[in-house]
Amino acid sequence: MSDPIRILGLSGSLRRASLNTALLRAAGELLPGGAALEIHPLHDLPFFNEDVEAEGLPEPVQALKTKIAAADALLLAVPEYNYSIAPALKNALDWASRPYGASVLVGKPVAILGASAGMGTVRAQLHLRDVAITTGLHVLNQPEIFVGRAAEKFDADLHLADEPTREILARMLRRLVRWTRAIQASAPIRESAA
């Protein structure tokens, strides 16, 4: 039997009652067999600063990079702020991409999703895909999950109650696990071609 796929979930929202973090918790309930999800908080990360980096990585940054390096895949939940990526998530990816040439993101499979009290997170996800390209992440393209009017799809305890959303989320997770296994299987080929 194959080793379980370890997925690290990062939410771009720092709110205690975050719909995006709740979406990640729902993902944890819907994982296929042979996969595990850990959600890593981003609230302690300092803003990326090359001077701070040169002095030595702060403990929250080192912890994040260690978690990403140990994960087989990432699941990124991105809220949309002013038509773009939430700064907490962008900051985390900036730290993880450093130092140049030694990023823990390169080659990592990733699925992107997002929840919004409004119409959705299409623009933020498109911007995040640009960041994924430049940082060497391998993005799962389908299905896309843009949970609009998300407050109506979660109950008072922030449990995802909307069945169509649960179904597409479960489908995304199954595909992420298959995508991750395919990328892992191709790693020796990629390394020998380098």
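Asparagine 82 sits in the loop that connects strand E4 (80-81) with strand E5 (84-85), and in this predicted model its backbone has a positive phi of about 50° although the residue is not a glycine. The relative accessible area of asparagine 82 is 79%, and because anything over 50% counts as exposed, this residue is classed as exposed. Tyrosine 83 belongs to the loop between E4 and E5 as well, and its phi, near 65°, is again a positive value in a residue other than glycine. With a relative accessibility of 52%, tyrosine 83 also counts as exposed.

From this loop one can step back to the chain as a whole. The chain contains 6 helices and 8 strands, and reading along the sequence gives the order β-α-β-α-α-β-β-β-α-β-α-β-β-α. The C-alpha trace spans about 45 × 40 × 25 Å along its principal axes. For a chain of 194 residues, a compact globule would be expected to have a radius of gyration near 16 Å, and the value for this chain is 16 Å, so the two agree. Of the contacts with a separation of 6 or more, 79% are between residues 24 or more positions apart, and 47% of the 194 residues count as buried.

The outside of the chain can be described in similar terms. Its accessible surface comes to about 10,000 Å², and carbon and sulfur atoms account for 54% of that area. Among the side chains, 20 are positive and 21 are negative, and the centres of these two sets lie 5 Å apart.

A further loop to examine is the one between helix H4 (87-96) and strand E6 (109-115), where serine 103 is placed. Serine 103 has a relative accessible area of 18%, and because buried means under 20%, this residue counts as buried. Its side chain takes part in polar contacts with the backbone at two places: a polar atom of the serine 103 side chain lies 3.4 Å from the backbone oxygen of alanine 96, while the backbone nitrogen of leucine 105 is reached by the serine 103 side chain at 3.0 Å. When neighbours within four places in sequence are left aside, the residues in contact with serine 103 are Ala96, Ser97 and Thr135.

The loop between H4 and E6 also holds proline 99, and the peptide bond leading from arginine 98 to proline 99 is cis, with omega near -10°. Another cis peptide bond joins glutamine 142 to proline 143, where omega is about -5°. Proline 143 lies in the loop between strand E7 (138-139) and strand E8 (145-147).

One more proline is worth locating, this time in an earlier part of the sequence. Proline 41 is found in the loop between strand E2 (35-39) and helix H2 (50-55), and with a relative accessible area of 47% it is partly exposed. Although proline 41 and leucine 14 are 27 residues apart along the chain, their C-alpha atoms are separated by 8.0 Å.

Conventions
Residues numbered from 1 in each chain as written. Predicted model: local features only at pLDDT ≥ 70, side-chain atom pairs only at ≥ 80, totals over all residues. Heavy atoms only, no water. Helix = DSSP H or I, 4+ residues; strand = E, 2+ residues; numbered from the N terminus. Rg over C-alpha atoms; globule rule 2.2 N^0.38 Å. Buried < 20%, exposed > 50% of the residue type's maximum accessible area, 1.4 Å probe, protein only. Contact = heavy atoms within 4.5 Å. Areas by Shrake-Rupley, 256 points an atom, 1.4 Å probe, with all protein chains shown as cover. Lys, Arg positive; Asp, Glu negative; His and termini not counted. Charge placed at Lys NZ, Arg CZ, Asp CG, Glu CD. Polar contact = N/O pair within 3.5 Å; in protein donor to acceptor, adjacent residues only side chain to side chain.
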